[in-house]
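Q: Could you take a close look at the metal site in this model for me? I would like to see what holds the ion and what the rest of the chain looks like around that part of the story.

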Amino acid sequence: MGGETYETAKPKSSYPVRSAHPVGQWIPDIYKSRIGQFYAGGQYEENNLRAMMNEAVVSGSPHVKLSVWHAPNLSRPTFKEATKHKFEKTSVGQSFGPSWSTHWFKIQLTVPSELRKKELLEFHWDANNEGMVWTEDGNPLQGLTGGGERTEWVLPESFRDGKEHTFYIEMACNRMFGNAAGGDSIQPPNPDNYYQLSKADIVAVNSETRQLYIDIWVIGDAAREFPADSWEQHKALKVANEIIDAFELGNQDSIIKGRRIAQEYLGKNVSSSKVYETGTKPLVYGIGQCHIDTCWLWPWAETKRKVARSWSNQCDLMDRYPEHRFAVSQAQQYKWLKQYYPYVFDRVKDKVKKGTFQPVGGSWVEHDTNLPSGESLVRQFVYGQRFFESNFGDRCQTFWLPDTFGYSSQLPQLCRLAGMTRFFTQKLSWNNINKFPHTTFNWVSLDGSQVICHMAPAETYTAEANFGDVRRSVTQHKSMDQDETSLLVFGKGDGGGGPTWEHLEKLRRCRGMSDTVGLLPRVHMGNSVEDFFNNIEKRISEGLNLVTWYGELYFELHRGTYTTQANNKRNNRKSEMMLRDIELLASLASIKGSYKYPKKDIDDMWEAVLLCQFHDCLPGSSIEMCYDDSDELYAKVFETGEKILKELQEFFGVQAVENPKSKERLAALNTMPWHRREIISLGNGQAGVACGDGNLLNIKTFKIAETPEVTVKDIKDGVFVLQNDQLRVQVDRGCITSLYDRLAEREVIPEGGKANQFVIFDDKPLYWQAWDVEVFHLDSRKVLSSGATKVVQSDAHQVSVMTETKISERSWVKTYISLSAAFKGQQSYVEMHSEVEWREDKKFLKVEFPVDVRNTEASYETQFGIVRRPTHYNTTWDMAKFEVCCHKFADLSEHGYGVSILNDSKYGFATCGNLMRLSLLRAPKAPDAHADMGRHDIRWAILPHQGDLGSTTVRTAFNFNNPLKLVQAPETLDASAFSSPIKLTGNKSLVLDTVKRGEDDEDVSRGELMKRKGKSVILRIYESLGGMSKGTIETTLDIKKVWKTNILEDDGELVKFEKGKADITLKPFEVATFRLQL
Ligand SMILES: [Zn+2]
């Protein structure tokens, strides 16, 4: 051994032998909290990322010169009117008001030379209220929100020329959510809000800093919201902290470095729409949305401006973000834009053509679906789809209704009949009792028709496009067994606004994150709502079986909206009835003779009625100003309607009379499509019997038999008995203590029960006053006791008693209970008429009817049919329906016998066991401090009936809402005038609900769509009781062909028509439309 050399062993690892220093584990909460501080306002805003957002800010003269003109008397003048006036100098710091006033600002702006080369120049304006930027020559460019949101307008390139440029800002003295007092937006508006202009600056924006701000915001969300047991969460925390560590105040390189670090988590493409070009399968489809309540905490006049502000903003964003897609419903809002902002409308039209601005919904407004009549729902679609088709060349395929308070069981059928196979909503996520179990499902109508329904799993239509919204699109998705995709509907809403650039930037990061680290569901932009549904429809065609939901989508909240703002609801019912009469008579007149169908007036009336059915108007959840607006609109509807009816009566040669001097040549005008026999008042205490089945009924003298046909007797101290051949009614201090059916030999009121009993409840819901009545209100039930009853009418044809009920020192009810002589073979009923003086505070007035009938389900009239609901509280789903919606009647029947409660203007009802309860009046104080205060006139009736619920109830309820009208006819009037030229015979469950002229008939059309040759009559017939029914359309008109059509009047199958007759068969609860071509 020796001489050998040994090499030192090379260490296999560079891993140091000894620890250099201690290293601690990150304390997650501390490192997470630090992230928000990096970009938040507050004590560090001069040291953190915020301090580098802007490269320069310039304000005041000579670069920003401000002058103003105040529009007088809360007026909202046009640009032209406003800019005619002399503007006076003003400055930042000044305040403007009061609430709802408008101020026009002229801004003379010169970009300082040192800013001209800056990458991004914006004008920042903030007065904490809404505004609109106008060009010098009067083009509206972009809306401003205020209060730190959407305060920037990107300056045009042409402004960099060193010269002075002028533009205008129209300031509206309201915030996004109106002018609520205090911090609670549903409190009635404060009329005296003033708004301080706090900012009018030229700003050179540091765009990289702005981008980094969005980077770290979204990465920070991942650090905060991804599960702690995922590596993706830890990585996000690390990346975010590295960005913060790299930051040096004032050093632009540190911003660039931060952005590079962010790429580790977000990928390389988040600064452009390129990020969406990865071709991987997305799960979440982002759709921009701007929910503008057509009225709510502001009046319609403001909505018109909100539409222009919001939508022009979106057009601007589309120019800057090519992936941006924006879905907009409500034809009415488009129509306003077209009328008042043609410049913006053209811009929108251009974007619609490009496919970025996407009309959806197919309806006139996003309407309530509980309260409007069936025909109103039809017209929402007819007027909506016709507007979309005539203005944009296409109908909508998706019914869009994210914010309505419950969904009628007939909507799927009507959607299908309006060419729509899809339905989008989300409101059931607000249920406060049961969680709705599906996200994507087949929703099935009363008649079996279905639509694909999708309820966005992010559970909002105003998502902020946050990481959390994207994540919840999977974590809250309840239908992933069938289909895992979903819509993410984002953008500022309710008060308008829509997506902001921040939203679009955040979504780019979310997509980049999914493609880079994963875990977050992949969000996609650039598709449409229809693309989303097309994909599901395609999968259905390939065998996908969606879960089903049959019947109404009952909303477990906002049950007070069946009752609040009674006057508005009454106007809705009355105008629906009036329009029905007008269309029927005008159709007959325009077919028979030279009468010109008043299509424009009819359109105007319908559009007004449909507008008032908006989901905050008819339900009663708007501020007082909105009801001043709707009162005015309804008044106009009634004025026009009365005028047309008078013309029609003249055309038919009759004249309405109230107290005719002579009984000669009197007739009753009838618009119901069936035989009627009713007592009709001839004035001066006299009555006749109108009888027949045409539009004019003969009136016969009411014959007085030896024994009077209806009597009233005082049987003991203040207890009266009203009796006719069918019913014996015992009234004790306003309550019906016995209702004996003499034919059925059966007592209707259970022993000890009191029907027509007024009850009052404390009505203080958890928050949403006008909207909600909460389950606990039932525990506060108080019986109202009444004064002595007295007889007020004792005629041979009718008897009445009257009772006064004191509600409080300020409120009372005066109730008339009447019974008329009964006709053989026709069910008699007890009629109530109440006059109410209502001055209460958060109380709920109802009237009760305990009945001796047992069933676990009660029936309620809904649009074109009946919906059955439990009378018990077995499960939370049953109990949740403690207050429900009905139309003209509610019914509780057992085998062989039942009782219907009819009404002329009410919609709220409850049946608990055998107790039926009609809701009359509420007294919420927000958002309208005076809702329902004052005088009310209400009619209702108790209709007992032998047999199950049947056509007796359906028809009597129609008649009850449509009293005969007394008219004087000339002697020369032809007998044929008394018979209707169109009749429906056959099964009595069929109702001929609507008779109108074809929308596109050449003598009717207003030219929106292609005219159709000749004249036609449209009949809408529905099956009202839930059984297949046969009938015959019989007509004396010279009809050539009969088509079955959809509700848009597209011809479908040809119906066999011979000798003036067409046989028809309708399936249970089917709504069928027929077009009779002359
Ligand atoms: Zn809404």
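A: Happy to help: here is a walk through the zinc site, followed by some other parts of the chain.

Please keep in mind that this is a predicted model. The zinc ion is coordinated by four residues: His291 and His615, each through NE2, and Asp293 and Asp403, each through an OD atom. The coordination distances run from 1.9 to 2.1 Å.

What about the geometry? The angles subtended by the four donor atoms range from 88 to 160°, which makes the arrangement irregular. A tetrahedral label would need all angles between 85 and 135 degrees, and the upper end here is 160°. For reference, the ideal angle for four tetrahedral donors is 109.5 degrees.

Along the sequence, the donors follow the spacing H-x1-D-x109-D-x211-H. One pair of them, Asp293 and His615, links distant parts of the chain, 322 residues apart. Asp293 sits in the loop between β13 (284-289) and α6 (300-320), while His615 sits in the loop between α15 (599-612) and α16 (624-651). Both Asp293 and His615 are buried.

A record touches this region too. The unreviewed UniProt entry annotates residues 556-634 as "domain: Glycoside hydrolase family 38 central". In the model, that stretch is 66% helix and 0% strand, with its end C-alpha atoms 30 Å apart.

Next, the packing. The largest nonpolar core has 125 residues, and Trp311, Tyr334 and Phe357 touch the most other members. Leaving aside residues up to four places away in sequence, Tyr334 has contacts that include Trp311, Phe345, Phe357, Phe387, Phe388 and Phe392, as well as Ser329 and Gln358. A second, separate core of 60 residues has Ala755, Phe758, Tyr897 and Phe909 among its members.

Helix α3 (residues 207-225) has 19 residues and spans 27 Å between its first and last C-alpha atoms, close to the 27 Å expected at 1.5 Å a residue. Of its 19 residues, 16 are buried, so α3 is largely enclosed by the rest of the structure.

Finally, a residue with some exposure: Ala656, in strand β23 (residues 655-656). Ala656 has a relative accessible area of 47%, which means that it counts as partly exposed. Not counting residues up to four places away in sequence, Ala656 touches Gln649, Leu966 and Val967. Its C-alpha atom is 35 Å from that of Gly384, and the two residues are 272 apart along the chain.

Conventions. Residues numbered from 1 in each chain as written. Predicted model: local features only at pLDDT ≥ 70, side-chain atom pairs only at ≥ 80, totals over all residues. Heavy atoms only, no water. Donors = N, O, S within 2.8 Å, 3.2 Å for Na, K, Ca; no water. Tetrahedral: all angles 85-135°; square planar, octahedral: opposite > 155°, others 65-115°. Helix = DSSP H or I, 4+ residues; strand = E, 2+ residues; numbered from the N terminus. Buried < 20%, exposed > 50% of the residue type's maximum accessible area, 1.4 Å probe, protein only. Expected span 1.5 Å × (residues − 1). UniProt positions renumbered as here; feature names shortened; annotations may be inferred. Core = buried A, V, L, I, M, F, W, Y, C linked by side-chain atoms within 4.5 Å. Contact = heavy atoms within 4.5 Å.
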